[in-house]
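Please open the structure in your viewer and keep the selection tool at hand. The tour goes from stop to stop, saying at each one what to select and what is to be found there.

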Amino acid sequence: MISLAGRDILHAWGKFIFTGIGLGLLIGVTLTMAGVYRGMVDDGKVLLDNSGANLWVVQRDTLGPYAESSSIPDDLWRSIRTLPGVAEAANVTYLTMQVGRGEKDVRAMVVGIAAGEPGTSGWPPQLVAGRQITRGHYEAVADIATGFRLGDDVKIRRNHYTVVGLTRRMVSSSGDPMVFIPLKDAQEAQFLKDNDAILMQRRRTGANPAFNRPGVPGLLDAVIASQTSNNSVNAVLVRIQSEYSPQEVAEPIRRWKRLTVYDRAQMEEILVGKLIATSAKQIAMFLVILAVVSAAIVAFIIYTLTMDKIREIAVLKLIGTRNRTISGMILQQALVLGVIGFVVGKITATFAAPLFPKYVLLMPIDSILGFFAVMVICVLASVVAIRMALKVDPAEAIGG
Amino acid sequence: MKFPPLQRRTLALVVIIIPLLLLFIYVALRSGPLAPIAATVSTVESRSVAPALAGIGTVQARFTYKIGPTVAGRVKRLDVHVGDIVKAGQVLGEMDAVDLDDRVSAQQAAIKSSEAALRQAAAKETFAQTQATRYEQLLSVRGTSEETVVTKRQELAVASAALVASREDIVRLRAELEALRAQRGNLRLVAPVAGLVAARDADPGTTVVAGQAVIEVIDTAGLWVDTRFDQISAEGLAIGLPAKIVLRSRRSQAVAGHVLRIEPRADAVTEETLAKIVFNAPPVPLPPLGELAEVTVQLGELPAAPTISNAAIRTVDGKRGVWKLVEGGLTFTPVVLGRSSLDGLVQVLEGLSVGDQIVLYSEKTLSAKSRINIVDRLPGVSP
């Protein structure tokens with residue numbers, strides 16, 4: 001038996017392929033949009049993964065350190081370290097700011113990492129080039145997305161840092177690349193104003209008679225010194241011993257240290273459920289619209305393809321072809337169109353993904369779901385065309 | 001031939017469909033979570049590392065002399081300005097004497113008056129002596145009464161006592177004059193040592209409290225860098241170790257120095273060890289006090305041991321280790337790390353032996369099941 005669908009496709013193969021490719025581009029955009037959403041969620045997850053922590057200890061009643069600002073004293077980690085079940089506690093600071101290199105600057109999340117050796121919580125878990133920080137000051141490990149190279153001299157506030165290592169996919173929840181610098185520098189960077197602001201503050205303090213007393217020499221200096229030092233960090237990253245559960249360790253910190261503690265699941269909830277919730281919904285909305293538009297376009301294409309050959313269908317009916325054969329032809333064509341579209345779409349999406357400024361994550365499960373969605377849409381779209389085809393009057397073949 | 005048009009069409013279709021399918025298969029396997037992770041591999045080498053400690057500090061003067069009055073007063077004049085080189089004993093300025101000079105004059109007059117009084121007492125004593133001697137002689141020839149002689153003797157004793165009192169009074173007044181002069185001298189601000197005027201905190205006419213510094217002189221021969229080392233990386237810091245000092249204003253040149261002293265008290269708040277690093281020879285020109293300096297203290301070279309780059313270290317389940325390549329697969333090997341150098345080399349005490357292949361850089365976090373694709377350089381990293 002000859003395949004009616006195959007013969008028909010071969011008859012107008014150019015048109016068919018180009019329609020398939022056009023449809024593919026549309027599916028590609030839809031897949032990419034799904035990838036953008038997955039990428040946003042993944043940004044949040046890698047942020048948590050890369051910190052290497054099981055618990056985040058932050059200022060009481062804040063959603064810090066990523067979703068809200070949080071500030072806790074930098075010697076607090078010692079008392080947390082002594083609690084049962086705590087394997088490691090490390091200070092960390094996060095600050096999104098412009099990092100300058102030469103004339104240009106890059107938006108980056110500056111992470112202050114506690115002194116120690118590689119593998120300490122907060123440190124970059126792996127590098128793609130260079131080495132980890134060894135000096136306690138003025139060295140930086142930057143994400144490759146910043147465009148920095150090894151040996152570059154970057155400027156954060158008024159200090160210059162040498163880039164000694166590069167990372168990949170170390171980003172903040174909003175996708176800004178990270179720059180890791182030693183904690184003490186980061187504390188300073190977080191607090192340090194520009195020189196003009198410091199001078200003005202000094203002048204203001206000097207003009208305040210309460211601080212500038214002739215009878216108490218040295219008071220003004222002490223006040224200014226205390227104004228320009230910073231002993232705060234944003235969070236303490238806690239790694240727990242494997243025999244303890246996160247809740248067991250978190251509870252005493254909440255109760256006795258009177259701080260807020262988040263475990264991994266809660267942190268994910270904050271990042272995914274709160275921080276990127278609106279933008280994720282925005283993307284999801286877009287995704288839904290694109291899917292609907294794609295479905296409509298597939299339906300129109302199949303409908304018009306069928307309408308184009310309504311005469312031939314009438315002839316087929318006239319020579320006594322069964323309805324099943326005609327429906328089968330239209331359905332098969334729709335499915336083949338869908339498969340070509342999906343293949344082209346998947347390829348386009350994969351090659352387009354790295355071009356996006358923010359991370360686009362194409363999950364295999366999304367592709368599989370996408371494939372079935374395309375198939376279902378094609379089947380539904382062909383139903384309309386089939387109805388049209390079956391209703392056609394065989395007389396039309398002769399009339400006209 | 002019956003089918004040429006159809007065959008050509010089929011051929012064209014195949015030409016389009018087959019590459020599309022191949023591309024699709026490639027895309028499905030080579031991207032996303034199924035793709036192998038690009039990684040670079042390095043070999044554990046036996047080499048010696050020279051650990052060094054890095055710290056930052058500020059240039060400070062070892063000896064700072066704050067010169068000011070010992071009593072409250074007003075600054076009368078200052079002869080030096082900031083930056084002047086002064087000699088030991090040089091007068092730098094003077095406090096206002098107010099009434100001190102007048103009191104010195106009064107004292108001098110008082111001494112003169114007292115000297116006159118002394119002469120008067122001396123004359124009285126001489127006269128009393130003469131009278132006493134004369135009446136003694138008269139008594140011996142019974143020419144006068146005993147009572148008169150006793151009176152004369154008493155007058156002599158009184159005159160002698162008055163003379164002693166007058167003499168001592170002069171001593172007192174002279175001592176008082178000396179005291180006034182000493183006070184007067186104390187109003188001069190004198191450099192205790194040779195050095196450089198670093199600050200002039202009050203100008204003439206300013207009233208200062210007792211003990212407040214008016215002029216600050218520093219000893220230029222004794223500049224040091226007050227350096228802070230993070231306690232976690234201060235192992236091996238010892239007196240006498242050579243150090244390299246890089247001043248913020250002279251980033252390209254390193255000045256040689258050595259560790260003079262490690263402070264017995266560390267900074268408990270910032271978790272830093274404090275040490276004083278002195279210059280081997282004072283830098284020329286002299287750096288300003290308070291300038292930031294980066295200090296690198298070089299420790300001795302350690303014997304050769306298996307050494308890896310610190311970029312190879314990973315943490316898996318709270319354990320520190322490296323991914324070792326064993327028969328094409330990955331095995332996580334916990335390691336015990338020894339000393340490290342500032343250029344990122346770290347010695348491995350346990351867990352690895354020379355010649356082991358380990359993963360140095362990787363695109364993503366690895367796991368034991370990861371497939372890796374060994375490359376020379378990770379994509380995106382420029383040479």
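Begin by selecting B:V246 together with B:E294, a residue of β16(B), because the two stand opposite each other. The model you are looking at is predicted, and the predictor gives the complex an ipTM of 0.78 and a pTM of 0.80. For chain B, where the tour starts, the average pLDDT is 88, and 97% of the residues score at least 70.

Now widen the selection to residues 242–247 of chain B, which form strand β13, and to residues 292–298 of chain B, which form strand β16; these strands pair in the antiparallel sense over five bridges. Both belong to a closed barrel of six strands in chain B, which can be followed in the order β3-β12-β15-β14-β13-β16 and has antiparallel pairing. From one strand to the next, the twist averages 40 degrees.

Next, go to the loop between β15 (272–279) and β16 of chain B, where B:P285 has its place. Select B:V284 as well, since a cis peptide bond joins B:V284 and B:P285, with omega at about -5 degrees. In general, most peptide bonds are trans.

From here, turn to the contact between the chains, which takes 44 residues from chain B and 42 residues from chain A. On the side of chain B that touches chain A, at least two residues each are supplied by α1 (4–30), β3 (52–61), β18 (314–316), β21 (336–340) and β23 (357–362) of chain B. Select α1(B) among these, for its ten residues are the largest share of that side. If you colour the residues of this side of chain B by character, they divide into 22 nonpolar, 16 polar and six charged.

Cross over to chain A and select helix α8, residues 264–275, in which A:M267, A:I270, A:L271 and A:L275 are buried. Why do these residues lie on the same side of α8(A)? They cover an arc of only 85 degrees around the axis, and this puts them on the same side of the helix. As a general rule, an α-helix has 3.6 residues a turn, so residues three or four places apart point the same way. To see what covers the buried residues of α8(A), add α2 (13–51), β1 (55–58) and β12 (260–263) of chain A, which are included in that cover.

Within strand β1 of chain A, select A:V57, which counts as buried because it has 27 C-beta neighbours inside 10 Å, where 20 or more are required. Leaving aside its neighbours within four places in sequence, A:V57 is in contact with A:I80, A:A235, A:V236, A:V238, A:I253, A:L259 and A:V261. A:I72 can be selected too, as a residue 15 residues apart from A:V57 in sequence and 9.0 Å apart in space, C-alpha to C-alpha.

The last stops are two arginines of chain A. Most residues other than glycine have a negative phi, but phi of A:R169 is near 60 degrees and phi of A:R258 is near 55 degrees. Look for A:R169 in the loop between β8 (159–167) and β9 (178–182) of chain A, and for A:R258 in the loop between α7 (246–256) and β12 of chain A. Which of them is buried and which exposed? A:R169, with 21 C-beta neighbours inside 10 Å, counts as buried, whereas A:R258, with 8 C-beta neighbours inside 10 Å, counts as exposed.

Key:
Residues are numbered from 1 along each chain as its sequence is written. Chains are lettered from A and ligands numbered from 1 in the order in which they are written. This is a predicted model: local features need pLDDT of at least 70, side-chain atom pairs count only at pLDDT 80 or more; totals for chains, interfaces and linings use all residues. Two residues are in contact if their C-beta atoms, placed from the backbone, lie within 7 Å. Helices (H or I, at least four residues) and strands (E, at least two) are DSSP runs, numbered from the N terminus. Ala, Val, Leu, Ile, Met, Phe, Trp, Tyr, Cys and Pro count as nonpolar, Asp, Glu, Lys and Arg as charged, and the others, Gly among them, as polar. A residue is buried if 20 or more other C-beta atoms lie within 10 Å of its own, exposed if 12 or fewer, and partly exposed in between; C-beta atoms are placed from the backbone. The arc is that of the directions from the helix axis to the C-beta atoms. pLDDT is the predictor's confidence in each residue, from 0 to 100. Axes are lines fitted to C-alpha atoms, for helices over the stretch in contact, and angles run from 0 to 180 degrees between N-to-C directions.
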